[in-house]
Amino acid sequence: MGRRVGISCKVYHGDVFLGEAEAFPISNNNSSSSKGQGLPFPNSNEIRIDHLAPPSERCPPLSVLQTISPFAVRCKVQAKSLSELSLLHRLYLSCFQERKSAVVVIGNEELHLVAMPSKVEKVSCFWCCSVQTGLYASCLGMLNLRCLAIVFDLDETLIVANTMKSFEDRIEALSRRIDGENDPIRVSGMSAELKRYIEDKDLLKQYIEMDTVSEGGRSISAQNEEVPPVPGIQEKIVRPIIRLPERNIVLTRINPENHDTSVIVRLRPAWEDLRSYLTAKGRRRFEVYVCTMAERDYALEMWRLLDPDAHLISSKQLVDRVVCVKSGLKKSLQHVFQDSVCHPRMAMVIDDRLQVWDDKDQPRVHVVPPFTPYYAPQAEMANAVPVLCVARNVACNVRGGFFKEFDENLLQKIYEVNYENEIVDLPTAPDVSDYLISEDVNSAQNNNREAPIVEGMTGSEAEHRMNRPVNISDERQTKPQTLSNRSSPDDEMLIDQPFASNRNLCNESGQSNLLAPSMFISVLQEIGRRCDSKVDFRFINRSSKDLQYSVEVLFSSEKIGLGMGRTMKEAQSQAAENALRNLARDYVSFIAPVTGGVDTETTKHPCGNENGFLKENYSSQDESAKKEDLPVTSTSENSK
């Protein structure tokens, strides 16, 4: 077969002529009759390079482009001259050796000329790949640093905030519910909830009237805190702040001149654990963003309370990284990253509601139970691992899994790709959604007939919620997302139930109790931490089309569980579940000769929650351990 004829082009860097080349369009019809129609350049006879992309220490350009713009190869380019002294060849060598690309800019699109090795051609060869302007440089920096993006919701995810108005509305609605309730147990629970609202309302009233509160027999006065200016949004202001760290409460005033904007904020427990993980040891593991339906001034102040030292988001980044979505619109990662600062494939979300996100982003959302300090104040401590520590562990797993796949699969296979390869030969790039089991957590605890009154004040989001009857079930009571390819028939039950750590992980028949799939991994990690034992997940590629992945769980190098599934995360979850069952069985076998068996009823704590809704009430130990990303080893199925 003769040599394929390409389209002749002159290559420039700015105004400097580098040499002549041939371009070969990548399309279904790239015959000579379609000459010039398949090239992405404005002038089909000219390739004008605007700049060179930054060099990379560890990531060849094709690996970055395949991650953020998969299979977007627009054409192939090869030099006409064999001369090693030509400027085009020098450009090729520079790009190849320094792991950088030559960039042609066309509006909001960048065309990256990637220097490729060739098994046949002796001339300089390039692949031309398309990507959104600015995205390559920002994602290259993140991949070099082994960093992903994490997007936080605020209200009922990290905080709950109330004004006097929202307190009055909730107290009135709850009082009506109590008057119409005949069940004494439910009346007792709602009365306890009402008391908590009234107590915090009284605290807020003191702050509004005197900038002072009485707490534990002592008087605490507000301290003025200077809020740095936000360019183009907010001038430097001074707010009177009262912090009650032992209760995770902060009182603040959005507009210092208007006492009606005074807010009492409850911070979700274990936020410090999650925050410290994100930037532990001065190492940025995640670039942090906020996406909320609240109004901007409120959102900026809530985030300042969560990140007072601006370690997660600098003051210069606030304008771009705190994103406020208009009421009635859905949240989207495309909106969050509208300035091409990150690709959604490299981002995860922490939110208490799944359905507020665009459908295409929902697989990247880790759904946490809503923070309900008035309705269920003990719920945060009702887990062996606090909610935000689970979120921290999930983020750790996502990051570890993503970069394991990037390093051990994508990078290795990219180095084997040559100029002559077809585009379909490119390896699949990792996606955060591959390592995140997305679940929508039902807020109804233990089959409650009614959900709690919506807690907190959320700007436009609160307006949307408060314009309807407050005593009906809240919109966050969405149906749990059905997981495809379930590993067991019990999965649906497991997703729909709250996580109760004071129950045995397995009952006497060996069936799991009340653990959602994402919890299996977190609980197993927690057991390993408390036992000072290493937990490894070893992924094994399988040849079967029905079950492509197999995962082994190693506990201190001893195999304790195996899981299989069509996706890596499904197999990992099943492996963790089976490992927990085996650990529980071994424990029962060990203790039975000593105790005569395990009485599952006596191992449960008595009901200690006065609201009658949450059945468990127990404390967890402090989750202060700062874990690195879990080591995950990989092997082929036949290797041992």
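**Figure 1. Asp183 caps the N-terminal end of helix α5.** Here's a close-up from a predicted model, starting where helix α5 begins. A side-chain oxygen of Asp183 lies 3.0 Å from the backbone nitrogen of Ile185. Helix α5 itself covers residues 184-210. How far apart should its ends be? At 1.5 Å a residue, the 27 residues of α5 should span 39 Å, and the end C-alpha atoms are indeed 39 Å apart, so the two values agree. Now look just after α5: there you'll find Asp211, with a positive phi of about 55°.

**Figure 2. Asp211 and Ala310 both sit in loops and have a positive phi.** Here's some background before you look: most residues other than glycine have a negative phi. Asp211 isn't a glycine, yet its phi is near 55°. You'll find Asp211 in the loop between α5 and β11 (212-215). Is Asp211 buried or partly exposed? With a relative accessible area of 24%, Asp211 is partly exposed. Ala310 isn't a glycine either, and its phi is about 55°. Ala310 belongs to the loop between α7 and α8 (318-321). Ala310 has 32% relative accessibility, so it counts as partly exposed.

**Figure 3. An open sheet is built from eight strands.** Reading across the sheet, the order is β3-β1-β2-β5-β8-β7-β6-β4, and the pairing is mixed. Which strands sit at the edges? They're β3 (46-49) and β4 (51-52), each of which pairs on one side only. Zoom in on strand β1 (residues 7-13) and strand β2 (residues 16-25): they run antiparallel and are joined by seven bridges. To see one such match, find Ser8, whose bridge partner in β2 is Glu22.

**Figure 4. Strand β8 pairs with both β5 and β7.** Strand β8 (residues 125-132) is mostly covered, with seven of its eight residues buried. Strand β5 (residues 73-79) runs antiparallel to β8, and five bridges join the two. Try spotting Cys75 here: its bridge partner in β8 is Cys128. Strand β7 (residues 109-115) also runs antiparallel to β8, this time with seven bridges joining them. For this pairing, look for Glu109, which stands opposite Gln132 in β8.

**Figure 5. Helix α2 lies across strands of the sheet.** Helix α2 spans residues 87-98. Which strands does it lie across? They're β1, β2, β3, β4, β5, β6 (102-106), β7 and β8. Against β2, helix α2 runs at about 75°.

**Figure 6. Arg304 and Glu225 meet in a salt bridge.** Side chains of opposite charge can pair when their charged atoms come close. The structure holds 29 salt bridges, and this view picks out one of them. The side chains of Arg304 and Glu225 come to 3.0 Å, N to O. Why does this pair tie together parts that are apart in sequence? Arg304 lies in helix α7 (residues 296-306) and Glu225 in strand β13 (residues 223-227), so the pair ties together parts that are 79 residues apart in sequence. Both Arg304 and Glu225 are buried.

**Figure 7. Glu301 and Arg239 form another salt bridge.** Their side chains meet at 2.5 Å, N to O. Glu301 is in helix α7 and Arg239 is in strand β14 (residues 237-244), so you're looking at a link between distant parts of the chain, 62 residues apart. Glu301 is buried, and Arg239 is too.

**Figure 8. Lys331 forms a salt bridge with Asp351.** The closest N and O atoms of this pair are 3.0 Å apart. Lys331 sits in the loop between β18 (322-324) and α9 (333-336), while Asp351 is in strand β19 (residues 347-351); the pair links distant parts of the chain, 20 residues apart. Are these two buried or exposed? Lys331 has 2% relative accessibility, so it counts as buried. Asp351 counts as buried as well, at 1% relative accessibility. Elsewhere, salt bridges that share partners join Glu225, Arg239, Arg243, Glu301 and Arg304 into one network.

**Figure 9. Gln572 is a buried residue of helix α14.** Helix α14 covers residues 568-595. Gln572 has a relative accessible area of 10%, so it's buried. What does Gln572 touch? Leaving out residues up to four places away in sequence, it touches Ile521, Phe537, Phe539 and Val551.

Methods:
Residues are numbered from 1 along each chain as its sequence is written. This is a predicted model: local features need pLDDT of at least 70, side-chain atom pairs count only at pLDDT 80 or more; totals for chains, interfaces and linings use all residues. Side-chain values use heavy atoms; hydrogens and water are left out. Buried means under 20% relative accessible area, exposed over 50%, partly exposed in between (1.4 Å probe, protein chains only). Helices (H or I, at least four residues) and strands (E, at least two) are DSSP runs, numbered from the N terminus. Two strands pair if DSSP finds at least two bridges between them. A salt bridge is a side-chain nitrogen of Lys or Arg within 4 Å of a carboxyl oxygen of Asp or Glu. Contact means heavy atoms within 4.5 Å. Axes are lines fitted to C-alpha atoms, for helices over the stretch in contact, and angles run from 0 to 180 degrees between N-to-C directions. The expected span of a helix is 1.5 Å times one less than its number of residues. A polar contact is a pair of N or O atoms within 3.5 Å; within protein, one must be able to donate a hydrogen and the other to accept it, and residues adjacent in sequence count only if both atoms are side-chain atoms.
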